[in-house]
Amino acid sequence: MTDTSPAPRRLVVVGGGMVAHRFVEALRARDENREWQVTVLAEEPRAPYDRVALTSYFTGRDPEDLALGDPALWADPSVRLVRGEAVTSIDREARAVTTSAGRTLDYDHLVLATGSSAAVPPIPGTELPGVFVYRTVDDVAALRGFVEEQRSRWDRPVRGAVIGGGLLGLEAAGALQALGAQSTVIQFGSHLMSAQVDLGGGEALARLIRSLGIAVRVDTATTKIRPNRRGTAGRLDFADGGRLDVDVVVVATGVRPRDELAREAGLDVGPRGGVVVDDRCLTADPAISAVGEVACIQGACIGLVAPGNAMAEVAVDRLLGGDAEFPGADTATKLKLAGVDVASFGDAFGTTEGALEVVWADPVGGVYKKLVLSDDARTLLGGVLVGDASAYTSLRPMLGRELPGDPAAFLLPEGTGAAPSIELPDDAAVCSCNAVSAGAVRAAVTEQGCTDVAGVKACTRAGTTCGSCLPLVKKLVSTELEKAGVAVSNALCEHFDLSRAQLYDALLVSGVRTFSEALARFGTPSGAAGATHGCDICKPVVASILSTLAPAHVLDGERSTLQDTNDHLMANMQKDGTYSVVPRMPGGEVTPQGLIVIGEIARDYGLYTKLTGGQRIDMFGARMEQLPDIWKRLVDAGFESGQAYGKSVRMVKSCVGSTWCRFGVQDSVGMAVHLELRYRGLRSPHKLKLGVSGCARECAEARSKDVGVIATEKGWNVYVGGNGGFTPRHARLLAEDLDDAALIRTIDRFLMYYIRTADRLQRTAPWVDEVEGGLDGIRAVIMEDSLGIGADLDAQMAAHVDSYEDEWKATLEDPDKLRRFASFVNAPRTADPSLAFVAERGQVRPAFPDERETAVPEPVLVAGATLEVR
């Protein structure tokens with residue numbers, strides 16, 4: 001029988017980048033009748049890969065890790081991928097292209113997806129060895145190889161510089177730092193990321209970048225790159241007369257569309273380059289489309305993945321007879337640099353007529369946030385988030401929509417409880433890279449049976465490109481599962497199908513008081529039949545819970561096998577395998593005699609000493625077998641363990657208050673000492689820090705603590721849920737003008753309620769947000785006893801106070817416990833020979849690898865043993 005179906009039409013795609021991949025993927029998914037036979041001509045010798053994740057190449061050398069999509073796409077009989085063969089000319093009349101291999105390919109339709117190339121400014125010296133651009137895998141591979149070669153050449157860090165302070169420049173600076181090189185960013189303009197953030201945001205960003213150890217120079221024009229004696233890049237000269245010695249330079253000053261083929265073929269190009277296309281992504285030649293960075297659409301070339309993918313979808317739709325048009329560019333961007341949180345979206349610069357700007361800035365915390373709103377202050381037009389971009393995923397889909405409540409509330413630090421929740425409409429964009437709406441994510445769960453984020457990613461492609469939308473995707477998935485009555489797993493680990501809070505309640509009610517019993521009754525043992533195994537997740541959690549329900553020494557019996565390394569030795573392990581010793585100093589008070597004892601111990605054992613932000617003295621460099629001797633002397637002098645090693649109450653910071661200060665209105669030191677002695681040894685899901693300030697001037701920084709107390713003329717205000725760390729939070733007001741007894745009862749109940757209900761390793765700040773009812777719910781439980789558990793919380797705290805014992809004092813009195821503190825079983829007093837120290841600023845520190853030959857195994861002779869381990 002003769003096949004009368006029409007022959008497939010010939011489609012040639014010029015370019016093998018991310019947008020070309022999206023175009024072919026979308027065409028194959030929708031071209032059910034196989035109308036088109038596709039040939040992709042890629043200039044690079046590899047299949048399309050993820051340029052957005054290019055920096056991740058530095059964590060592994062295999063470019064295949066960056067490959068896009070399913071490799072089966074290129075095995076499709078209707079698709080041919082030609083690698084390493086560039087198109088050199090287009091003959092529009094003959095509808096044919098010529099390649100670098102001398103071949104001619106005819107087409108019925110041509111798609112230009114040639115992308116862009118790195119823009120190199122006319123700075124003398126950019127052609128020198130050691131000067132790189134940051135655009136392709138080959139670029140970053142060459143950069144990595146050069147830096148590694150330089151590292152082997154010098155006995156000092158490699159000196160790197162990045163010319164350009166935009167998104168790509170900052171990522172390149174992070175890449176240099178990841179390779180062990182010093183890094184300086186040189187920006188011609190007034191501030192970093194000037195195309196995405198305003199001056200205020202740029203200044204906050206510069207502080208964050210500098211905090212990572214990356215130097216920043218703004219308003220600096222580079223005039224020349226000078227060679228060194230080896231002929232490679234050696235120095236940058238600046239227009240202001242300054243200079244910078246370098247070993248490697250990365251030029252990241254932007255991109256230029258690869259429109260040379262279009263120019264030579266007589267196609268229209270924009271005033272700043274790029275192939276001019278209409279909203280159908282068609283050029284003036286109806287047989288040629290252009291998509292991605294090479295396209296000048298709506299008057300501009302857009303160097304972002306999301307608009308390029310949108311163009312690819314439009315072009316495919318048109319080829320298949322549809323009427324799609326380009327909806328406009330989503331120019332939202334998010335910086336992918338560890339330790340720096342920056343996002344920009346919508347009309348970030350407030351250019352819309354009548355636009356209003358709402359700004360919240362915390363220069364000390366490195367946070368700058370701005371929302372651009374309509375003239376009635378209701379509709380969201382854009383925003384800039386620097387230092388804390390946690391609101392990005394929920395705010396970006398609301399562009400062009402009315403925000404619920406006070407827009408300023410969305411700028412306040414997370415944990416203030418001011419921002420209302422947002423219920424995204426189905427048509428709100430969740431993943432702009434792949435044009436996935438909130439409705440599509442919900443449908444993946446409710447209609448297509450996806451039960452986790454991985455399934456939704458596979459089903460919708462949401463979160464598979466830049467990944468910035470994944471927190472929002474996860475939230476939508478969890479919400480839909482809960483609505484459908486599907487249980488969302490909150491299992492602690494593979495051994496306990498319970499959350500930490502559920503396990504706490506189970507142990508409380510059942511009376512089970514050992515890990516073995518808990519695992520047998522509520523968990524799933526692993527290993528041989530009858531074995532009571534667990535893991536490094538559930539063991540410390542159960543130990544922490546039991547420390548509240550059945551107080552006992554951390555090294556008693558089975559509990560000693562449940563502890564983390566630091567708890568097991570009651571000291572914080574340091575980078576070189578030595579330990580720190582931190583005696584408790586309630587309220588920061590210490591007597592002159594106490595200081596003398598600490599000084600003598602540090603001198604006799606050669607310990608590095610440092611005053612901490614918690615108003616204590618840390619002593620670093622103690623060996624395992626020295627810990628009992630050191631603590632014997634401290635305990636004899638009246639000191640206790642400061643428990644700097646535990647998930648517990650660390651300290652209570654205070655100012656001098658009314659005792660000395662002329663502004664103090666209450667005795668903050670006395671209250672701090674009282675609170676620290678009351679809560680010492682209290683184990684919890686995460687570390688806890690408290691602070692007490694004697695007046696509103698807040699010298700003790702109480703509002704950055706898990707519990708902060710600030711004196712008033714009438715008593716004390718108490719704040720909860722603050723913390724420093726990677727995501728700083730200000731504590732929020734829980735109660736006002738409390739007398740001493742009410743203050744202590746309030747803190748007792750807050751801490752015990754947190755211990756009972758928080759997840760593993762959950763700080764108080766996120767707990768306050770997530771616990772039922774938030775801060776208002778907590779206030780009702782603690783102040784109004786809404787759950788009727790107030791007396792139980794009081795009793796549990798009283799039991800803790802009554803059962804407290806200093807862990808180190810008890811250990812010194814128990815020969816069995818002391819036997820743990822030996823580096824070698826057969827030579828308990830022998831020092832670990834791998835330890836090495838060098839002198840610095842009058843003290844000692846661990847030797848770096850290149851210093852070990854000149855280092856010494858012990859900084860000083862250790863004082864004679866005062867405690868015998870039998």
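**Exercise 1. Find out how many residues of strand E36 are buried, and what pairs with the strand.**

Start with burial: strand E36 (residues 716-720) is mostly covered, with five of its five residues buried. This is a predicted model, by the way.

Next, split the strand into its two faces. Trp-716, Val-718 and Val-720 sit on one side, Asn-717 and Tyr-719 on the other, and all are buried. Both faces of E36 are therefore covered, since "buried" here asks for under 20% relative accessible area.

Now look at the partners. Strand E35 (residues 707-711) runs antiparallel to E36, and five bridges join them. Within that pairing, Gly-708 stands opposite Tyr-719. E35 and E36 make a hairpin with four residues between them, and Gly-715 in the turn has a positive phi of about 155°.

Finish with strand E37 (residues 732-738), which is joined to E36 by four bridges, again antiparallel. Here Val-718 faces Ala-735 of E37.

**Exercise 2. Work out which residues touch the most other members of the largest nonpolar core.**

Go to the core first: there are 59 residues in it, and Phe-496 and Ile-747 touch the most other members. Helix H19 (residues 740-757) supplies the largest share, 10 residues.

Then zoom in on Phe-496. Skipping neighbours within four places in sequence, its contacts include Leu-503, Phe-515, Phe-522, Cys-538 and Val-542. Cys-538 has 0% relative accessibility, so it counts as buried.

Last, there's a second, separate core of 52 residues, and among its members are Val-12, Val-38, Trp-74 and Ile-302.

**Exercise 3. Decide why Cys-301 is not bonded to Cys-296.**

Step one is the distance: the sulfur of Cys-301 lies 4.7 Å from the closest cysteine sulfur, the one in Cys-296. Step two is the cut-off: a disulfide needs the two sulfurs within 2.5 Å, so this pair is too far apart for a bond.

Step three is the tally, and by this rule it comes to zero disulfides. As for its surroundings, Cys-301 is partly exposed, at a relative accessible area of 32%.

**Exercise 4. Check whether the span of helix H4 agrees or disagrees with 1.5 Å a residue, then look at what covers the helix.**

Begin with the arithmetic: 13 residues in helix H4 (residues 199-211) should span 18 Å at 1.5 Å a residue. The end C-alpha atoms are 18 Å apart, so the span agrees.

Now pick out the buried residues, which are Gly-201, Gly-202, Ala-204, Leu-205, Ala-206, Leu-208 and Ile-209. What covers them includes helix H3 (167-178), strand E12 (215-217), E23, strand E25 (367-373) and E26. After the helix comes Gly-213, with a positive phi near 90°.

Follow one of those covering elements, strand E23 (residues 342-346). Four of its five residues are buried, so the rest of the structure largely encloses this strand. E23 pairs antiparallel with strand E22 (residues 333-334) over two bridges, where Thr-333 has Ser-344 as its bridge partner. With strand E26 (residues 380-386), E23 pairs antiparallel over five bridges, and Phe-345 stands opposite Gly-383.

**Exercise 5. Name the edge strands of the open sheet E4-E5-E6, then do the same for E13-E14-E15.**

Take the E4-E5-E6 sheet, three strands with antiparallel pairing. Strand E4 (87-91) and strand E6 (104-106) each have a single partner strand, so one side of each lacks a neighbour in the sheet. From one strand to the next, the twist averages 25°. Strand E5 (residues 96-99) is joined to E6 by three bridges, and Thr-98 is partnered with Thr-104.

Now the E13-E14-E15 sheet, which is also open and antiparallel, with three strands. Its edges are strand E13 (222-227) and strand E15 (243-245), each pairing on one side only. The twist averages 20° from one strand to the next. Strand E14 (residues 233-238) meets E15 over three bridges, with Asp-237 opposite Arg-243.

**Exercise 6. Say whether Ala-315 is buried or exposed, and what it contacts.**

Locate it first: Ala-315 lies in helix H6 (residues 305-319). Its relative accessibility is 2%, so Ala-315 counts as buried. Leaving out neighbours within four places in sequence, Ala-315 contacts Phe-23, Cys-281 and Val-291.

Terms used:
Residues numbered from 1 in each chain as written. Predicted model: local features only at pLDDT ≥ 70, side-chain atom pairs only at ≥ 80, totals over all residues. Heavy atoms only, no water. Buried < 20%, exposed > 50% of the residue type's maximum accessible area, 1.4 Å probe, protein only. Pairing = 2+ DSSP bridges. Axes fitted to C-alpha atoms, helices over the stretch in contact; angles between N-to-C directions. Expected span 1.5 Å × (residues − 1). Contact = heavy atoms within 4.5 Å. Core = buried A, V, L, I, M, F, W, Y, C linked by side-chain atoms within 4.5 Å.
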